[in-house]
Amino acid sequence: MPAPTTAALVTRCQALFDDLSFGAAREWKAAAAGRRVVAYMPIYVPRELIHAAGMLPLGILGAGENLEVIHGDAYYQSYICRIPRSTLDLGITGRLDFVDGFLFPSICDVIRNLSGIWKILFPKVYVHYFDVPQNFDPEVGGVFYRQELQELREALARLAGRPITDDALRASFALYNQNRRLVRELYAFRAGAPWRAPASETYLVLRAGMVLPVEEHNQLLADYLAAARAEERPRRDNCRIVLNGVFCEQPPLSMIKAIEMSGCYIVDDDFMLVHRWLLEDLPVTGDPIAALSTAFLSGSTENGAKYQPRQELKGQYILEAVRANAAEGVIFAAPSFCDPALLERPMLEKVLDRVDVPHIGFKYAENSAQLQPVREQAGTFADSIKLWSTP
Amino acid sequence: MTVKPASLRPQAPVREVVKEASMVKQKEMIARNYDLLTSTAEHGRKVASTFVPGNLNELIMCFDMLNNLPEINAIQNGMRKISGDYITEAEKRGHSEDVCTYVKADLGMIAKGNVSPNGKPLPRPDLLLLSYTGCFTFMKWFELLREEYKCPTVMLHVPYQGDGETTRNMRDYIVKQLKQEVIPALERVSGVKFDIDRLRGYLRESARAEDDLVWVLESAKQTPAPIDAYFGGVYYIGPIFTAFRGTPDATEYYRLLRAEIEERLRLGLGPITPEGDMKSQKYRLVVEGPPNWTSFREFWKMFYDDGAVVVASSYTKVGGTYDLGFRHDPDHPLESLADYCMGVYTNRNLPQRIDLLEKYMDEYQADGLLINSIKSCNSFSAGQLMIMREVEKRTGKPAAFIETDLVDPRYFSAANVKNRLESYFQMIDQKRGSAPSAA
Ligand code: SF4
Ligand code: SF4
């Protein structure tokens with residue numbers, strides 16, 4: 001069989017992306033008796049725990065621009081972001097009726113409160129608000145987190161109807177380590193040659209990882225990387241930017257394309273950080289719960305949803321993203337009414353201003369089709385970067 | 001200060017004098033605290049800034065430190081109608097129109113000289129005590145303030161009651177943070193060594209005041225209600241929620257207040273409003289959500305003019321749910337601070353919030369639930385429509401929804417709110433199926 005092309009792989013990812021009934025996950029569940037699916041929202045949950053119980057972790061990122069939200073709007077005021085309402089719509093319309101558990105991670109008060117709504121509306125589903133420590137001392141936050149993980153492990157085991165053994169966890173670690181390595185590789189490849197792996201494609205490849213079993217996603221990542229490496233594509237005179245603020249509610253795919261078409265190569269972003277939350281491999285020996293905890297405390301990514309205890313380090317991550325990827329500017333794109341992104345942004349801007357990294361910012365909604373202003377802003381931004389960087 | 005029992009004095013002046021006693025007392029306390037805060041250069045006491053939910057006032061006092069609460073400053077500026085300018089200033093400086101207006105009112109205030117209500121500049125805090133309790137914004141707010149002040153910052157992370165309960169693990173985590181992070185930080189900044197017996201003393205004092213506060217809040221179970229548990233309630237919670245919990249002043253304030261309310265009950269009087277005693281009580285409401293501060297008086301008037309009295313509110317529980325039985329406990333000092341933090345209203349999950357409101361509807365014999373949804377507060381607002389549906393469903397009583405903001409005058413539309421309230425009152429009348437009954 002010939003190796004798949006990027007186009008073929010992206011077509012498959014697009015189909016998964018467009019399927020708001022989650023057919024792939026449904027098929028997975030139906031393929032064997034007793035299978036269970038555990039959904040989760042942004043920003044981070046230890047998917048290894050779900051996987052090790054033989055269950056499918058299913059990432060839910062709202063319904064995007066292709067679902068007309070009918071019920072969700074009755075639950076949310078106009079001044080709350082879109083993702084909880086479209087997610088509720090998915091639930092109320094039965095599109096998530098195969099989901100057995102749902103984890104709502106610590107990210108902001110909207111998702112926090114959505115966990116309570118879910119408990120009320122879907123009493124048969126195992127619903128859990130997944131808290132993570134904002135204290136990063138192993139003896140303080142670490143002890144708390146290990147116990148939380150242990151309790152989650154037990155609850156998931158009950159849901160799965162089988163214990164989650166240390167060995168099963170280590171096997172899951174190995175698979176997710178591979179997944180993270182491949183994602184890192186993909187990001188590095190894109191940063192090196194963004195015209196060969198456009199963000200609109202890498203985005204879809206990552207999105208596929210929200211619905212596919214990790215084993216399949218690993219294969220998909222490897223195939224895409226191989227195909228992208230094998231294909232030559234025209235290089236455009238684009239500037240290189242980091243896209244920040246897109247970690248929860250998703251912009252329409254057309255917005256990503258619009259940014260690229262306006263002359264910006266996206267060389268780093270914070271889409272679906274669950275794939276990149278842990279920065280290093282989890283050890284496959286020793287106590288797995290301790291390993292997850294240590295990785296979270298001292299080896300996880302930084303983001304607006306997290307506390308930075310040290311003032312001198314605040315916001316440095318955006319600068320590192322710029323430097324490590326040889327970016328020339330930052331585009332802050334945040335969902336309207338998004339506390340983590342919008343409260344964080346001025347602090348990140350300050351860090352960039354100190355070293356004269358140019359940036360622009362705008363807001364979006366998952367269903368907003370107003371791309372013209374985005375095109376114009378991104379286009380002007382790209383032009384100004386090119387102008388000023390010309391020797 | 002001693003106050004003669006009200007029954008020994010002639011009736012008309014008594015009400016006047018008794019009414020004033022607690023109000024005057026609170027006013028004095030607030031003024032004194034602002035005077036202390038704005039004269040640190042003279043007396044040298046250190047200042048901690050912190051939040052109302054998860055306020056550790058007793059602990060702060062153990063280090064001879066003063067407590068400055070940015071939320072309260074924002075409220076003060078809202079009521080004095082200057083928050084709008086501050087918010088505009090913060091937005092000019094790059095803060096999003098979409099985020100919490102308390103934060104922007106605070107940052108704008110700092111940008112414009114950080115002037116306290118007494119006209120003097122507030123000091124730079126010596127410590128930001130980030131009690132991360134019940135609200136995500138708190139975390140970012142103090143990261144933003146840390147950039148301004150470049151002062152030591154210590155985080156107390158209070159886990160959320162996601163599953164509707166507190167666990168041993170959550171409690172241990174908080175206590176450990178208090179021991180290993182918060183107390184050492186307070187010691188370092190103040191130079192005062194921690195004395196747990198001193199803390200016990202303050203906690204003992206707190207519990208006394210808490211008993212009286214609960215009595216006052218629960219007095220609204222009577223008909224007619226002698227208090228308004230929202231518009232009046234925000235004054236009653238003042239001392240306990242802010243820099244006075246654990247002080248003899250607070251105990252005295254609540255003793256006075258309780259005596260006043262006892263007297264009002266005895267005389268069958270309704271709540272005091274800015275325009276005198278409220279006469280008729282046609283509607284008994286439970287209110288969910290914070291009030292609007294920029295048009296506070298106007299907002300309140302819309303209620304008492306139509307005979308609506310608030311008999312219970314959730315906002316008066318953001319600084320502690322004492323009516324659910326919690327008391328600060330000198331025998332378990334750090335544990336009780338942990339329990340206090342975990343129990344505040346916004347740290348409770350949505351089902352718990354619904355249960356509490358349903359209980360209020362029941363126990364306070366309310367005619368309905370009114371939700372004042374705050375535009376920029378996700379902690380309170382996200383999920384309030386669900387709350388409304390559920391409470392309506394469970395109680396069979398009508399609920400209504402209005403939308404305002406805390407301290408951003410742009411989002412208070414008096415005409416809209418008034419219309420909405422009037423149709424709501426009509427709805428209650430209809431539901432009763434008979435002419436409104438005056439209490
Ligand atoms: S988009 Fe922002 S505010 Fe909305 S749920 Fe996500 S993180 Fe929270
Ligand atoms: S978001 Fe709400 S709870 Fe949080 S600081 Fe603002 S007003 Fe207070």
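1. Residue classes below are as follows: Ala, Val, Leu, Ile, Met, Phe, Trp, Tyr, Cys and Pro count as nonpolar, Asp, Glu, Lys and Arg as charged, and the others, Gly among them, as polar. By these classes, the lining of the second largest pocket divides into 16 nonpolar, nine polar and nine charged residues.

2. This is a predicted model, in which local features need pLDDT of at least 70, side-chain atom pairs count only at pLDDT 80 or more, and totals for chains, interfaces and linings use all residues. Residues are numbered from 1 along each chain as its sequence is written, chains are lettered from A and ligands numbered from 1 in the order in which they are written, and side-chain values use heavy atoms, with hydrogens and water left out.

3. The second largest pocket (on a 1 Å grid over the protein atoms alone, an open set of points where a 1.4 Å probe fits, with protein on both sides within 12 Å along at least five of seven lines) holds about 900 Å³ of space. Its 34 lining residues (an atom within 4 Å of a point) include A:Leu279, A:Thr301, A:Glu302, A:Tyr317 and A:Glu320, which lie nearest its centre. H12(A) gives the most to this lining, six residues.

4. Around ligand 1 there are 13 residues (a heavy atom within 4 Å); A:Cys81, A:Cys108, A:Ile111, A:Cys248 and A:Cys338 are the closest. Eleven of the shell are nonpolar and two charged, with no polar residue.

5. The shell around ligand 2 includes B:Cys100, B:Cys135 and B:Cys377. Its largest share, three residues, comes from helix H7 (residues 136–149) of chain B, a helix being a DSSP run of H or I, at least four residues, numbered from the N terminus. Seven residues of this shell are nonpolar, one is polar and none is charged.

Technical notes: Grid points are joined across faces, edges and corners, and a volume is the space filled by probe spheres set on the points. Helices (H or I, at least four residues) and strands (E, at least two) are DSSP runs, numbered from the N terminus.
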